[in-house]
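Q: I am new to this structure. Please take one part of it and describe that part closely, in connected prose.

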Amino acid sequence: MALSYSVDKTDSSGRELLTYGTSDFPIAFFDDDLTKVKVPWHWHDELEIIIITEGSVSVQIANSSFVLNKGEGYFLNSGILHSAKLLSPNGHQRALIFSPEIAAHCEDMVWKTYIKPILKKQALPFIKLSPNISWQNNILQLSNDTWLNGAYEKTDYPIIVRHNLTRIFSLIKSHIYLLENETEFTDKAKQDELRIKKILLFIENNYPTTITIVDIAKSGDISISSCLRLFKEILKLLQYNI
């Protein structure tokens, strides 16, 4: 897979429309200059690993917010709402966006043992990756090696990419018990995110016309007060008088 550069391309709900890789090797490698590339609220079915290579970035995933600096990163599970904002004058990130099927065929032994438990783990929307934690540093190093081999199509890169991703899944599966209380992505939080997605779709489809907070709340089947709470807690937008 050749190196790619990010462009904004989403459908009306914020779901990305980009194709990541090819049908027989579904992974894409991005080198993002964050002074030029914006990361608005969006989601995609593919998994994602981000490595910050320059600068400081504020990341919002699901109902969590944190800051990443050079050398840090995150693993993002499937279908999770997320965004990022550059905090420093300059910033770069390396991104790997891929279907889990690149590592194993659906429902084979590797899939059932290492991948399915991660995809089905509702309380695991993401993992913040720190170089100061041994197993997380291993994921960062494997991810960077995967990026370098895949982005520049080095010798045997398909084998190296698949091998490294399989090792990453194994590391996550082996340490998943440590992450039980890392986030508060409860059933309620998941439901809140689904409502936000419906609301964003409604706003996108109707923004040329006059819409009120009553209309917006109704689109998510919630009260006005609950709607304002979601915009404040998840999207951090209450200050804009939504």
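A: What follows is a description of one helix, one residue in it and the helix packed against it.

The model is predicted, with local features needing pLDDT of at least 70 and side-chain atom pairs counting only at pLDDT 80 or more, while totals for chains, interfaces and linings use all residues. Residues are numbered from 1 along each chain as its sequence is written, and side-chain values use heavy atoms, leaving out hydrogens and water.

The part is helix 3, residues 157-175; helices here are DSSP runs of H or I with at least four residues, numbered from the N terminus. Helix 3 has 19 residues and spans 27 Å from its first C-alpha to its last, close to the expected 27 Å at 1.5 Å a residue (the expected span is 1.5 Å times one less than the number of residues). Its buried residues are Tyr157, Val161, Asn164, Leu165, Ile168, Phe169, Leu171, Ile172 and His175, where buried means under 20% relative accessible area, exposed over 50% and partly exposed in between, using a 1.4 Å probe and protein chains only. Seen down the axis of helix 3, these buried residues fall within an arc of 160°, so they line one face of the helix; the arc is that of the directions from the helix axis to the C-beta atoms.

Ser174 also belongs to helix 3. With a relative accessible area of 44%, Ser174 is partly exposed. Ser174 lies 60 residues from Tyr114 in sequence, and their C-alpha atoms are 8.7 Å apart in space.

Next comes the neighbouring helix. The axes of helix 2 (residues 134-151) and helix 3 come within 9 Å and cross at roughly 160°; axes are lines fitted to C-alpha atoms, for helices over the stretch in contact, and angles between N-to-C directions run from 0 to 180 degrees. That angle makes helix 2 roughly antiparallel to helix 3, a term for angles over 145 degrees. Contacts, meaning heavy atoms within 4.5 Å, join helix 2 residues including Trp135, Ile139, Leu142 and Thr146 to a set in helix 3 that includes Tyr157, Val161, Ile168 and His175.

Helix 2 has 18 residues and reaches 25 Å from its first C-alpha to its last, close to the 26 Å expected at 1.5 Å a residue. Among its buried residues are Trp135, Ile139, Leu142 and Thr146. After helix 2 comes Glu153, with a positive phi near 50°.

Technical notes: Angles under 35 degrees count as roughly parallel, over 145 as roughly antiparallel, 65 to 115 as roughly perpendicular and the rest as oblique.
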